[in-house]
Amino acid sequence: SRIKIGVLVGSLRKDSFCRKLSKALKEVAPESFDLEEVEIGELVLYNQDLDEPDNLPEAWTVFREKMRSYDAFIFVSPEYNRSVPAVLKNALDVGSRPPSKSVWGGKPGAVLTASPGSIGGFGANHHLRQILSCLNVPTMQAPEAYLGNIATAFDESGNLTSDRTRGFLQKFMESYAIWVGKNR
Ligand code: FNR
């Protein structure tokens with residue numbers, strides 16, 4: 001059966017470049033991979049007071065159950081003020097509790113950051129790696145993915161027009177397939 005990959009996008013913006021990248025990743029993924037974008041915008045901000053059986057927000061429960069159904073994860077994120085956008089950090093926090101039931105532990109991951117600027121979200125990429133290290137997500141080291149000048153990679157309808165970027169994404173997914181095979 002196909003390997004289920006949850007793709008978490010660190011932007012809620014309708015025309016998000018990261019969302020477009022997540023679609024492009026799906027196009028270049030191997031046949032055996034089923035990539036699914038995960039909704040993280042509905043999650044109430046993490047608060048330990050809510051994390052009790054009587055208070056649990058429905059959206060947290062749905063999210064946690066959904067995350068358990070994936071074999072591996074890919075994080076596609078922009079950089080906000082040199083770090084991880086709050087919406088993505090919140091999703092990671094919600095999925096991490098209670099620690100004995102964390103949805104992340106042991107499932108292979110990969111990080112791809114992008115920016116219209118030239119640094120390609122380097123700061124967010126490495127802050128995210130620190131979080132994933134804490135969450136025991138074996139995260140692919142190479143190829144590193146800092147996609148700069150991302151605004152020029154798509155046409156008006158959001159299709160990837162840059163062959164260079166497509167080639168990179170292909171290489172990225174090939175390496176990730178090997179990584180998932182080793183770490184599942
Ligand atoms: C940004 N942006 C940004 N870009 C960057 O390269 N480094 C940064 O530190 C920041 N900081 C930042 C903070 C906040 C609050 C916003 C809203 C934006 C610009 C960001 O890369 C740009 O808006 C991207 O288009 C966001 O990604 P999506 O939504 O296109 O996926």
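Start by selecting N136, which in this predicted model is exposed, because just 12 other C-beta atoms lie within 10 Å and a residue with 12 or fewer counts as exposed. N136 sits in the loop between α4 and β5, and although N136 is not a glycine, it has a positive phi of about 60 degrees.

Stay in that loop and select A142 and P143, which are joined by a cis peptide bond with omega at about 5 degrees; P143 also lies between α4 and β5. A cis peptide bond also joins R97 and P98, where omega is about -15 degrees, and P98 is found in the loop between α3 and β4, the latter being residues 109-114.

Next, select N149, in the loop between β5 and α5 (163-183). N149 has a positive phi of about 45 degrees although it is not a glycine, and it counts as partly exposed because it has 14 C-beta neighbours inside 10 Å.

Now colour the strands. In what order do the 5 strands lie in the open sheet? The order is β2-β1-β3-β4-β5, and the pairing is parallel. The edge strands, each of which pairs on one side only, are β2 (33-38) and β5 (146-147). If you look at β1 and β2, you will find that they pair in the parallel sense over 6 bridges, and that the bridge partner of G6 in β2 is E36.

From there, move to S77, which belongs to strand β3, residues 72-77. Is S77 buried or exposed? S77 counts as buried, because 28 C-beta neighbours lie inside 10 Å and 20 or more are enough for that label. Among the residues that S77 touches are G10, C18, L88 and T113. The C-alpha atoms of S77 and C18 are separated by 6.0 Å, while the two residues are 59 residues apart along the chain.

L88 leads on to helix α3 (residues 86-96), where L88, A91, L92, V94 and G95 are buried. These residues lie on the same side of α3, because they cover an arc of only 165 degrees around the axis. An α-helix has 3.6 residues a turn, so residues three or four places apart point the same way. Show β1 (3-9), α2 (58-68), β3 and α4 (122-134) as well, since these are included in what covers the buried residues of α3.

Finally, select the ligand and the 15 residues around it, of which S11, S16, C18, P78 and S115 come nearest. The residues of this shell divide into 6 nonpolar, 6 polar and 3 charged.

Technical notes
Residues are numbered from 1 along each chain as its sequence is written. This is a predicted model: local features need pLDDT of at least 70, side-chain atom pairs count only at pLDDT 80 or more; totals for chains, interfaces and linings use all residues. A residue is near a molecule or strand if its C-beta atom, placed from the backbone, lies within 6 Å of it. Ala, Val, Leu, Ile, Met, Phe, Trp, Tyr, Cys and Pro count as nonpolar, Asp, Glu, Lys and Arg as charged, and the others, Gly among them, as polar. Helices (H or I, at least four residues) and strands (E, at least two) are DSSP runs, numbered from the N terminus. Two residues are in contact if their C-beta atoms, placed from the backbone, lie within 7 Å. The arc is that of the directions from the helix axis to the C-beta atoms. Two strands pair if DSSP finds at least two bridges between them.
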